[in-house]
Structure formats: C-alpha cells, structure tokens
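Okay, thanks for coming, everyone. Let me put the model up on the screen, and then I'll walk you through a few spots in it.

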Amino acid sequence: MYEEQDFDNDTLDEKQKNKIYIKIIVALAVVVVLLVVGMLFYMLYSKNDGDKEQSEESKQSIENSALISADVSEESLDESMDITEEPSIPSEESLDSSEVVSEESSEEISEEPDHGWVINPMGYTYLYYGAGFNQFNGTKATATKYADAMNTFISSVSFPVYSIIAPTAVEFVDIPFDIKQSDDFYNSSQKNFISYVQAGTTATSIDAYKSIAENVKDQKLYFKTDKNWTADAAYLAYVAFCEQTGNIAVSKEAYEMGSYTGYLGNFYNATNSAKLKENADVVNYYKIDDVYPCSVTMYIGKLAYKDRALIYTQLSNPTSYANYAFLGDRGGSFTITSENSASEKSLLVIGDSSAFAFVPYLVANYRNIYFVNAEAFDGKMSEYLAEKTVDEAVFLSYAYSASNQQYLTRLNNMFASAE
C-alpha cells in the first residue's frame, strides 16, 4: 500500500513538472512574439520619424532659400538695372531620372508664361509678351528729393542749368487691368512725377515726354530686352533741348545710319527668358563723328583713356554689348572736344545711362562736352569743375533713376562739399 501510494505521488509530480514546462515554453513564445511585434513597430516608427525629419529639413531648406532670395532681391531693387542670371532650372537628365515628375509635367514646368515677374539679381523684372519692364513707383516725395539734389548743385554755380527726365517704356505699354491686377503690376504716372520735379526745381525744365508720347507708336523708341531708350528716342530729347536752349538741331538724315542685330540686353541677361531671346533687338546708331570729328577721353577714377570713339561701329560682341555703340564702356566721366561745332560753348551733362545715346548729338552744337555718368562717378563736382569752364549744364535721367534712392544718394554725395 505504501509502495503504491509512493508511485502515485511520483507520477503526479512528473505531470506537474510537465505542465510547468509547457507554461514556461508558452510564456517564452509570447515574449518572443511580443519582441518581434515591438521591433516591427519600432522600425516602422523610426522610418516615419526619419521621413518626417527629412521633410522638415527639406521644408526648412526651402524656407531658408526663399529668405535668402528675398534678401538678395530686396537689396538689388535699389541698385542700377543691370541684369545677370535666373534661378537654376533642373537639367533634362535630372527630370528624366525622377520617379515623381512625369514627361507631361516636366514640359509644364519648363513652359514660360506670357507675363509675370521674374526674381533675379537685378531685383524684379516684369515680362509681358516678349518685352521686359521695370516697375515705376515714383512718388511726389521722391520727386522732391530729386529736385532738391539738382537745386543743391544749381545753388553752387552761376551758369544756366536745364533738366530733362526721360520716361521709360512702362509708361507707354498697354497692359489690361485684369493682368495688372493678377500680376500685381501697378505703376505710378511718370508724367505726374515729371511735373512734380518741374515744380520743385529751379532748373529750366525741358519737356521730352510730349514728343516721345506722340511718336512711341510709330517709331522704335525703346528696346524689348533692355531698359534703355533707343538713339531715336534720345534724338527727340535732343531736339527738345535745342528748341529750349536756342541751338539748331541737326537732322538725323545728315548722318549715315548703321545697325547691330540680335541684341540681348540687361532684361534678357537677368532672366534668360526664351521669349525675350525670340524678340532680340536691333540697335540703330548714327555715324555722327564722321560729320563732326571729335576727340573723346574716358575717365575711370583717375585713369584716363584717350583716343576713344564717339560711336562704335565694329563691336566684337554686339549680341551682349550693342548698346555700347554710344561712347563704348560706361566710364565715370567723358571729355569730348568737337572740331566743327556750331559754337565755342562748353556744356556739362550730368546723367544716367539715358545720356549715352543723347550726348553724341551735342557735338554739332558745343565745342566741349563734359559728361558725368552719375551711376559710376565717385568724385566731388566742385573738384571736377575746378579747372573747367562751363557755359551751360543739363541733367538727364530716367524717371526710374530719379525716383531711385541709391541714385539720389550718389547725386547728393557728388554735390556735397569736398573735405
């Protein structure tokens, strides 16, 4: 009896042990499953978190790029309108290898709109059906500042001083209101701006606006790819100047005309616009120094470059520099002496890039012409005039320049007393 009971207890212990082993194995299996599931969740979470972090970094990078572009553009807006490059565009190879951008969408991305803004190192360039424009936001306040700058100079001299403000192309372009509204391309009236300057200055005002407005539809007075006016527009200003000053304007017909084709100016350089390239300009010039021989010296700082031409007819790269037909490089000042001028008088011209196409016509009327390029001249006017005899002076600036704070600062510095 005792032996049997002992056997039964041993059997029971063995069964209990087996049950415990089974429980342990099940528990271990559950732990393993939980670990596997946990690792899967961890890997999935890590991937999502990494994607999110990468997305945030990309977003931050884009925002930083936008801020940098905005800073550069804001600084460039006040600077002279010389234009260089556009934001980078993905190459055809990178588009082809992309798994996201389809062939159809890549064509849409590369397609250039008919109108709108292009942000570039020049600032903001507005394109409208194959032509570039600078927005004009001149106010009565900025007109007063320009008038005051001229008045400062006038108060320091005893000879007559005249003023011409050249309107820019945007004044005469006809853009529908709905496009202006959608593109946020609004402009102030340059005609009103000019009248504000005339009212505020003691200089004798010369009206070039009227003849330009009357002829802008019939003559090519502005370029499409460049900010400047043409030689024909500058001639209209010359005629208005002669009428006001008692000079006789020489007809353009007295000069042989030459041309450069395929010119791509600073609007194109700023934007690389295909539509501007399709509308490359023709730059016409008149061989004035064939009729009125003259000597030309250009000054950059204290360096003098003698024996230069009035009109350049053999430029090596007219596609980029055809507008340099007028006096060549953009020096700080020029001294021009005409051999066959109608008078012995000397004229001082203070202006921006608009004066380069204007000055050559003056050799028919003045023996000496002193042209100060206010966009590049770094000296003091009092020192510049110290050893010169001047009979008359004329200011010639685009309305855009006359309303530009950087240009106004240069004028004020030029007219400040030398220390």
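**A walk through the model**

Let's start with serine 273, which sits in the loop between helix H9 (266–271) and helix H10 (274–278). One thing to keep in mind throughout: this is a predicted model. So, is serine 273 buried or exposed? Its relative accessibility is 3%, and buried means under 20%, so serine 273 counts as buried. If you skip residues up to four places away in sequence, what does serine 273 touch? The answer is Glu112, Leu127 and Tyr268.

On to another serine in a loop. Serine 341 lies between strand S10 (333–338) and strand S11 (346–351). Serine 341 has a relative accessible area of 11%, so with the cut-off at 20% this one is buried as well. Now look at what's around serine 341. Leaving out neighbours within four places in sequence, serine 341 is in contact with Val363, Ala364, Asn365, Tyr366 and Arg367. Take valine 363 from that list: it comes 22 residues away from serine 341 along the chain, yet the two C-alpha atoms are separated by 6.0 Å. The serine 341 side chain has polar partners too. It reaches the backbone oxygen of serine 343 at 2.7 Å, and one of its polar atoms lies 3.4 Å from the backbone nitrogen of arginine 367.

Next, a helix. Helix H8 covers residues 231–245, and here's a little sanity check on it. With 15 residues at 1.5 Å a residue, H8 should span 21 Å, and its end C-alpha atoms are indeed 21 Å apart, so the two agree. How many of the 15 residues in H8 are buried? Twelve, so you can call this helix mostly covered. Among the buried ones are Ala231, Asp232, Tyr235, Phe241, Cys242 and Thr245. Right after H8 comes glycine 246, and its phi is positive, near 85 degrees.

Speaking of positive phi, a couple of residues other than glycine have it too. Tyrosine 129 has a phi near 45 degrees, and you'll find tyrosine 129 in the loop between strand S2 (123–128) and strand S3 (132–133). Its relative accessible area is 47%, which makes tyrosine 129 partly exposed. Then there's leucine 327, with phi near 70 degrees. Leucine 327 is in the loop between helix H12 (318–321) and S10. Buried or exposed, this leucine 327? Buried, with a relative accessible area of 0%.

Last topic: the holes. How many cavities of 30 Å³ or more are there? The count comes to five. The largest cavity has a volume of about 110 Å³. It is lined by 15 residues, and Asn134, Thr168, Ala169, Lys227 and Phe267 are the ones nearest its centre. By type, that lining breaks down into nine nonpolar, four polar and two charged.

The second largest cavity holds about 60 Å³ of space. Which elements supply at least two residues each to its lining? Strand S4 (161–166), helix H6 (190–200) and strand S5 (204–206) do. The lining includes Ser163, Ile194, Gln198, Ser205 and Tyr209. Seven of the lining residues of this second cavity are nonpolar, four are polar and one is charged.

Okay, that's my tour. Shout if you'd like to go back to any of these spots.

How values were computed: Residues numbered from 1 in each chain as written. Predicted model: local features only at pLDDT ≥ 70, side-chain atom pairs only at ≥ 80, totals over all residues. Heavy atoms only, no water. 1 Å grid on protein atoms, 1.4 Å probe; cavity = no way out; pocket = protein on both sides within 12 Å on 5 of 7 lines; lining within 4 Å. Points joined across faces, edges and corners; volume = space filled by probe spheres on them. Nonpolar A, V, L, I, M, F, W, Y, C, P; charged D, E, K, R; others polar. Helix = DSSP H or I, 4+ residues; strand = E, 2+ residues; numbered from the N terminus. Expected span 1.5 Å × (residues − 1). Buried < 20%, exposed > 50% of the residue type's maximum accessible area, 1.4 Å probe, protein only. Contact = heavy atoms within 4.5 Å. Polar contact = N/O pair within 3.5 Å; in protein donor to acceptor, adjacent residues only side chain to side chain.
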